[in-house]
Each structure stands twice: as structure tokens, then as C-alpha cells.
There are 2 protein chains.
Amino acid sequence: MQNSLKTIFPNFSNELISVIEESGSLQDFEAGTILMRTGQYIKNTVLITKGKIKIYREGEDGGEFLMYYLQPGQACAISMICTAKSEKSQIMAKVVEDVTVMMIPLQLMDKWMMEHRTWYEFVIETYRSRFEEVLEVVDNIAFRSMDERLEFYLKRHSDACGCSEVNLSHQEIATELNTSREVVSRLLKKMEQRGLVKLNRNQIELLHF
Amino acid sequence: MQNSLKTIFPNFSNELISVIEESGSLQDFEAGTILMRTGQYIKNTVLITKGKIKIYREGEDGGEFLMYYLQPGQACAISMICTAKSEKSQIMAKVVEDVTVMMIPLQLMDKWMMEHRTWYEFVIETYRSRFEEVLEVVDNIAFRSMDERLEFYLKRHSDACGCSEVNLSHQEIATELNTSREVVSRLLKKMEQRGLVKLNRNQIELLHF
DNA sequence: ACTCTTCTGTGATAAATGTTACTGTAGATT
DNA sequence: AATCTACAGTAACATTTATCACAGAAGAGT
């Protein structure tokens with residue numbers, strides 16, 4: 001156990017790992033579970049040790065605009081920021097692949113900042129990388145058209161899973177980009193004609209990426 | 001002097017105020033100065049004591065997509081995040097009203113986190129509020145059409161200055177929303193017809209906001 | 001008053017995206 | 001095999017936004 005946490009969070013000091021194991025609680029959640037809702041108060045910081053969580057912004061019409069994914073070794077920046085002030089969450093977090101997470105009560109998250117250098121650095125780095133990721137998202141929707149955003153989206157997915165196949169339906173993609181399925185289908189078809197992808201049912205193979 | 005800093009940053013402890021005055025350097029910049037560029041390394045954290053700074057994302061075509069404004073009592077979250085790791089900035093910062101800022105060298109910014117509780121809280125609160133602001137921006141461009149975004153934009157401006165007049169040309173607004181002047185003119189005209197605003201040269205009066 | 005420049009208004013048109021409606025197809029279920 | 005359902009393709013049309021072209025109005029400078 002000590003080993004596995006240390007493997008997933010290699011920068012944590014041994015001391016910190018012990019404290020986390022003492023005070024945090026390991027919990028499992030199934031795919032589909034909503035871990036956090038807009039407007040909900042946050043009581044824990046979440047460290048992901050297994051699985052995948054999708055962080056998104058929900059539109060009034062039920063759109064699920066993707067911000068980013070959280071994977072093992074990462075933590076939810078929003079939960080850290082909010083816990084520090086016990087504020088309301090402004091986003092949604094949904095489990096997309098069964099996860100195991102370490103829940104850290106908010107007081108500890110705050111306390112450790114002073115006591116554990118490696119924790120402090122981890123938190124700051126989490127803020128930084130997530131902020132950057134969100135800025136990149138802003139860039140995309142502010143300056144790019146749907147075809148470019150779609151390409152970027154696919155690239156992100158293949159980067160995340162480390163493979164060249166994206167196993168999603170057009171509808172799922174459309175939802176995350178807040179557009180309609182027809183538009184996604186059209187654009188994907190064009191990409192196929194340009195030789196960028198190969199389309200199968202529920203799967204898109206990226207070719208020249 | 002002690003007084004004025006304390007007035008602008010009321011939550012800082014007296015001890016912290018003294019340290020800032022010893023180690024920080026007060027600098028003035030004229031409107032139009034670019035304080036930070038995309039890709040630039042950051043060497044200082046910036047506290048605003050006077051004036052107004054615009055934080056924006058620059059498009060390839062020269063668009064200046066507005067993220068938010070920084071005003072007295074606030075600090076640049078990006079500079080804090082980046083200094084902690086001495087990373088590159090991902091945004092642009094331009095002075096829009098002559099400013100006086102307190103520059104804090106990056107090592108101190110980091111050091112004070114451990115030594116001064118009020119500094120730590122200020123930094124965390126800065127992260128939180130900026131993150132939220134950016135999320136709101138994402139919301140707007142992801143889910144709303146241009147007319148709604150324009151209304152939101154105007155409201156933000158009047159909130160920021162505390163008055164009901166926005167002194168900007170249609171072109172300036174268009175640039176910040178990454179659209180064209182004609183579109184802004186047209187939408188404003190419609191808003192005027194709906195009785196929401198009154199249009200003057202270089203000025204928009206908000207009526208029923 | 002005249003000139004210049006900047007700002008604003010507006011029509012015409014083009015392009016991108018969203019919507020509706022319908023068809024076909026692959027795989028699952030019976 | 002027959003049926004059902006989710007997924008995918010595509011045409012036609014509506015809407016939104018962008019672009020082009022031009023004209024008039026306000027204010028600054030001479």
C-alpha cells in the first residue's frame with residue numbers, strides 16, 4: 001500500500017505518504033457517479049489513484065462542456081481551491097472509468113501546506129497545470145472554429161489514453177464540444193476524406209497525428 | 001505609506017505589510033504598457049495598488065480576448081502560479097489605466113507562504129477567484145450567443161467601474177469579444193431598441209441593469 | 001469653415017453552424 | 001431470421017456570425 005501510493009505520487013515525501021494513509025480515506029466509485037455538482041459545497045480534496053474523472057461545466061440545456069480529465073497521480077484543483085475557503089464548486093465532476101480516490105478532509109489539506117513541502121509543491125503545481133489547461137480551452141473556443149476544435153479534442157483524447165483510437169460515439173463528442181451530432185459527423189467525414197482519420201462504429205482511428 | 005498599503009490590502013498583517021515594504025519595489029507604468037507576454041518567463045509577482053490591468057489571451061490574428069481585469073487590492077494569479085515554478089506565462093497583461101504596482105521577487109512570494117498566514121490566504125483566495133472568473137468566461141463562450149455575451153461584458157464593465165457608463169468604442173469591444181465591429185454595432189443597436197442601453201459616441205449608458 | 005480622422009450605422013452577401021427530417025447500417029435481442 | 005435499437009450519413013433549410021462595401025456623423029486640428 002505504502003508502495004502503491006508512493007508509485008502514483010512519486011514526489012510526495014515518505015512522511016507525507018504516511019500521514020495521508022493515516023488520515024485520508026480510500027474510496028471507490030463506479031463509472032457514471034457524479035462526484036461534484038455545480039453549487040455543491042466541498043468537504044474533501046480528491047487525489048486520484050485509479051481510473052478517470054471528467055471535469056466539465058454544465059450548460060442549462062444539459063450540455064457537458066469538457067474542461068479536462070483527471071487521472072491517477074492528479075488531484076482536483078477545484079476541490080483544493082474551494083476547500084481552502086469551503087466554497088461552492090463551480091463545476092461538475094463525473095467518473096468516466098471506475099476510480100479509486102483518496103479523500104482528504106479540508107482542514108488537513110490546508111494544514112499540510114505548512115507542514116509538508118512536497119504537499120505544498122504538489123498543490124501549487126496542480127493549480128498551475130489546471131489553470132493552464134483551462135486557458136487552453138478558452139483559446140480553443142475563443143479563437144478556433146469547430147473543425148480545429150474537433151481535431152484538438154481528438155488529439156487530447158489519444159494523448160490521454162496513449163493510443164490512436166478514440167472510442168466514442170459522435171453524439172458523445174458533440175456533447176462535450178457543445179455542438180450537435182450532425183456537425184460532428186460532417187466534420188469527421190471531411191477529416192476522413194482528408195485522410196486524417198478512419199471512421200468505425202463507436203471508434204475513430206487517428207492516422208497522421 | 002504603511003497606511004496606504006494597509007488600506008488597499010486590509011487583510012494583510014502589519015508584519016506582512018512591513019516585509020512587503022522592505023522587499024518589494026513600487027513601480028509605475030503608463031497605460032498601454034505590456035507587463036507580461038505569452039511565453040515570457042516571470043520573475044515577479046505583481047500586486048496592484050493603483051490603476052487597472054487587463055489580462056487577456058492573444059489570438060494569432062491579434063485578437064485580445066479578455067479574461068479579466070486586475071484592480072487595486074488584487075494580484076496577478078498567473079504570476080503567482082508561474083513564479084512558484086518559474087514557468088512561462090500563458091497570457092498577456094496590459095496596463096489600461098496608469099498603474100502603480102508592488103513587485104515581489106519570486107523567491108519571497110514562495111517563502112512568505114510558509115511565514116505569513118495572511119499572505120497564504122491572500123494567494124489562495126487569488127487563485128480561487130481568478131479560476132472562477134475564467135470558468136465563467138468559458139461558460140459564456142461555450143454556451144451563450146454573442147448578444148448574451150455582449151450584455152454580460154457590459155455588465156462586467158459597469159460592475160468594475162461602479163458606474164453605468166462604459167466608455168469604449170465598438171471596435172474595442174469587438175476586439176475583446178473576438179468578433180467584428182459591425183456585429184457589435186448591430187447588437188448594440190438592437191439593445192438600444194429594446195431600451196437596454198443608450199448609445200453615444202465612445203460611450204454606452206446602461207439603463208435597466 | 002474646412003479638412004481629417006475616427007467612430008458608427010446599415011445593406012448585401014458569404015460562410016459556419018444549428019436544426020429538421022429522413023435513410024441506412026451494425027450489432028444486440030428475441 | 002426477424003426485430004429492435006443505437007449509431008451514422010446526408011440533404012435541405014434556418015440562424016448566427018463574419019466580411020465587404022459604403023455612407024454619414026462627431027470631434028480634433030488647422
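How do the residues of the surface near DNA strand C divide into nonpolar, polar and charged? They divide into four nonpolar, eight polar and eight charged. The model behind this count is predicted.

**Confidence**

Chain A has a mean pLDDT of 91. In that chain, 96% of residues reach 70 or more. Confidence in chain A is lowest in helix H3 (residues 77-85), where the mean is 76. It is highest in H8(A), at 97.

**The DNA surfaces**

DNA strand C has 20 residues around it. The nearest are Ser145(A), Met146(A), Thr179(A), Ser169(B) and His170(B). Both chains take part in this surface. Chain A brings helix H6 (146-161) and H8, and chain B brings helix H7 (170-177) and H8, each with at least two residues. H8(B) gives the most, with six residues.

DNA strand D is surrounded by 19 residues. Here the closest are Ser169(A), His170(A), Ser145(B), Met146(B) and Thr179(B). Helix H7 (170-177) and helix H8 (181-193) of chain A each supply at least two residues near this strand, as do helix H6 (146-161) and helix H8 (181-193) of chain B. H8(A) gives the most, with five residues.

The table sets out the residue classes for the two DNA surfaces and for the side of chain B that touches chain A.

| Surface | Nonpolar | Polar | Charged |
|---|---|---|---|
| Near DNA strand C | four residues | eight residues | eight residues |
| Near DNA strand D | four residues | eight residues | seven residues |
| Side of chain B that touches chain A | 15 residues | four residues | seven residues |

**The chain interface**

At the protein interface, 26 residues of chain B are in contact with 27 residues of chain A. Two elements of chain B, helix H3 (77-85) and helix H5 (117-143), each supply at least two residues of its side. H5(B) gives the most to that side, with 14 residues.

How are the two chains related? A turn of 180° and a shift of 0.0 Å along the axis lay chain B on chain A, with an RMSD of 0.1 Å. That is the relation of a two-fold axis. The same surface serves both copies, and 100% of the contact residues of chain B recur in chain A.

**Met146(A)**

Among the residues nearest DNA strand C is Met146(A). It is found in helix H6 of chain A. Is Met146(A) buried or partly exposed? It counts as partly exposed, because it has 15 C-beta neighbours inside 10 Å. Beyond its neighbours within four places in sequence, Met146(A) is in contact with Thr179(A), Val183(A) and Leu187(A). Thr179(A) is also among the residues that come nearest DNA strand C. Tyr127(A) is 19 residues from Met146(A) along the chain, and their C-alpha atoms are separated by 28 Å.

**The annotated domain and Glu15(B)**

In an unreviewed entry, UniProt lists residues 8-74 of chain A as "domain: Cyclic nucleotide-binding". This span is 16% helix and 45% strand. Its end C-alpha atoms lie 9 Å apart.

In chain B, Glu15(B) lies in helix H2 (residues 14-23). Glu15(B) is partly exposed, because 13 other C-beta atoms lie within 10 Å. How far apart in space are Glu15(B) and His116(B)? They are 8.4 Å apart, C-alpha to C-alpha, with their places 101 residues apart in sequence.

Methods:
Residues numbered from 1 in each chain as written. Chains lettered and ligands numbered in written order. Predicted model: local features only at pLDDT ≥ 70, side-chain atom pairs only at ≥ 80, totals over all residues. Contact = placed C-beta atoms within 7 Å. Helix = DSSP H or I, 4+ residues; strand = E, 2+ residues; numbered from the N terminus. Nonpolar A, V, L, I, M, F, W, Y, C, P; charged D, E, K, R; others polar. Near = placed C-beta within 6 Å. Least-squares fit on C-alpha atoms with pLDDT ≥ 70 in both. UniProt positions renumbered as here; feature names shortened; annotations may be inferred. pLDDT = per-residue confidence, 0-100. Buried ≥ 20, exposed ≤ 12 C-beta atoms within 10 Å, placed from the backbone.
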